[in-house]
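Here are my notes on this model, set out as numbered points. Please read them with the structure open.

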Amino acid sequence: MGDNLKNLEVLEASSEQLQGKLILEFGQTLRTLAGRRIVYRGCLIGVELEVVAKCFLPHAKQERDWRREWQGLTNLQNSGLPVPSPYAVCRDDEDNIYVLIQYLEGATTLGNYLEAATLEKSKALMVTLAGLVDKLHGAGARQMDQHVDNWAVVGESLYLLDAGTYRFVEGSLSVSDRCSDIAAICVTLPPFAEALFRSSLKLDPAASVIESAILDVQQTRARRYYKKSQRSCTEFIEYREDGRKGMSLRNADSALIEDFFRDPESIMELGERLKSGNTCTVQTLEHGEKFYVLKRYNRRPFLTQLRRSLFPSRARKSWSNACVLNLAFIPTAKPVAFLEIGDFPRNMGYLLMERIDGELLSEYVARFRGDDLLMKSLVMEVGRVWDSLARLGAVHGDLKATNWIVSSAGEVHLFDLDSLSIGLSNRTYLAGRRSDMQRFLKNWASDPQLAEAFRKRMQGGAPL
């Protein structure tokens, strides 16, 4: 935008004080959706109001988007629901439309709050969330883009954000719509918070009804996010240049990403070699006080290259699968970027990830096998990952012990995701699920007691 100040023509306003012309001073950029909108923190000069300014850029759906935002805010406010106060809709001389709303001092997103809060504070907030959801449903309002960043926490209060993606019906929501919305909230909450939220609900249909709705929501959400991870958006940036294709996190270290896309081999020369194999080479390195793992999918014989070029690359699949697992709260190495070299046939691929501080599952078991409490906790951690994969309708495809890492905090992480498949048909999923279990239990053939503990937990029981 360039300008620090904008003279804005008021199109709609919530009070006479805000009629006519307003002067907006821009502050921090809070969020960007390329080609669609930019969200700023700002201040209205003269009336001295701290605001969030949602700038809707000129495009085919500009009017629809800003009207939905403004109308959503006013509808929610008129229903007595907690939203930032809507102030005005304005236009600048470049035909950008601004929806100006109250800036919530001290606000944090629900996701950030839950990361830092004590269990007691989290429990209290989940009670508040359940009550607010009940009020929303009673008012016929439903958020169609549920995620933890669409709720703001101020002190002990919750506020609704992103009003443009709310939909409204006359009267209360139907039980079916309520269950679908509850499921959409559940899949966005960390597992511990989800349990607290569900125990606080006033509407309490049979657990099987909620679980069925969660399966549908989670798998639909995963498929959409898988596609989203392969295009530029708020979270990701696409890279294309001279037969090279890739993606990176928008908030990743820009210098590292530039070096990675320009010359990944220069990064492969840094740090320490973890694996030198025929199919892949793995290197660990430090950059900017953070540790990373770089995996190179090595050049294969020409006919193999030709055949594999008909399908998504291992680097691309691993990147998108890791994005989906992180979305679903399944611990895995956080993906940072991937790169494919060559169009057809493809040559090599690279995957850059944050490093997990831990050790392979097999090494962890060998070191702590005599500690019954640690082994029981380990079985439960593996079981939680196993259950979460079921919600995704996912099959890993190579569930050997060396594809798990146990972190220093005792949390198990699943990796090597290029064979992972998500949202499978029921028949394919069940067959793959059986194979995954058999492959995993094979790791413990020499330890029948531990194998039986894993088997029992993976079949839905408590560990021995």
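**Notes on the sheet, cores and cysteines**

1. Strands 19, 20 and 21 make an open, antiparallel sheet of three strands, in the order 19-20-21. Strand 19 (358-360) and strand 21 (412-414) are the edges; each has a single partner strand, so one side of each has no neighbour in the sheet. From one strand to the next, the twist averages 30°. Keep in mind that this is a predicted model.

2. Strand 20 (residues 404-407) pairs with strand 21 over three bridges, in the antiparallel sense. Trp404 has Leu414 of strand 21 as its bridge partner.

3. Two helices lie across these strands. Helix 11 (residues 361-368) lies across strand 19 and strand 20, at about 95° to strand 19. Helix 12 (residues 372-391) lies across strand 20 and strand 21, at about 35° to strand 21.

4. The largest nonpolar core has 73 residues. Trp404 is among those with the most contacts inside it, as are Phe260, Leu378, Leu392, Phe440, Trp444 and Phe454. Leaving out residues up to four places away in sequence, Phe454 touches Leu378, Val379, Val382, Phe440, Leu441 and Trp444. A second, separate core has 45 residues, including Phe56, Val89, Val148 and Ala163.

5. How many disulfides does a search of the whole structure find? Zero. Cys186 is in none: the nearest cysteine sulfur, that of Cys179, is 10 Å away. Cys186 counts as buried because its relative accessibility is 0%. Cys233 is in no disulfide either, with the nearest cysteine sulfur, that of Cys323, 9.2 Å away. Cys233 is also buried, at a relative accessible area of 4%.

Definitions and conventions. Residues are numbered from 1 along each chain as its sequence is written. This is a predicted model: local features need pLDDT of at least 70, side-chain atom pairs count only at pLDDT 80 or more; totals for chains, interfaces and linings use all residues. Side-chain values use heavy atoms; hydrogens and water are left out. A disulfide is a pair of cysteine sulfur atoms within 2.5 Å. Buried means under 20% relative accessible area, exposed over 50%, partly exposed in between (1.4 Å probe, protein chains only). A nonpolar core is a set of buried Ala, Val, Leu, Ile, Met, Phe, Trp, Tyr and Cys residues joined through side-chain atoms within 4.5 Å. Contact means heavy atoms within 4.5 Å. Two strands pair if DSSP finds at least two bridges between them. Helices (H or I, at least four residues) and strands (E, at least two) are DSSP runs, numbered from the N terminus. Axes are lines fitted to C-alpha atoms, for helices over the stretch in contact, and angles run from 0 to 180 degrees between N-to-C directions.
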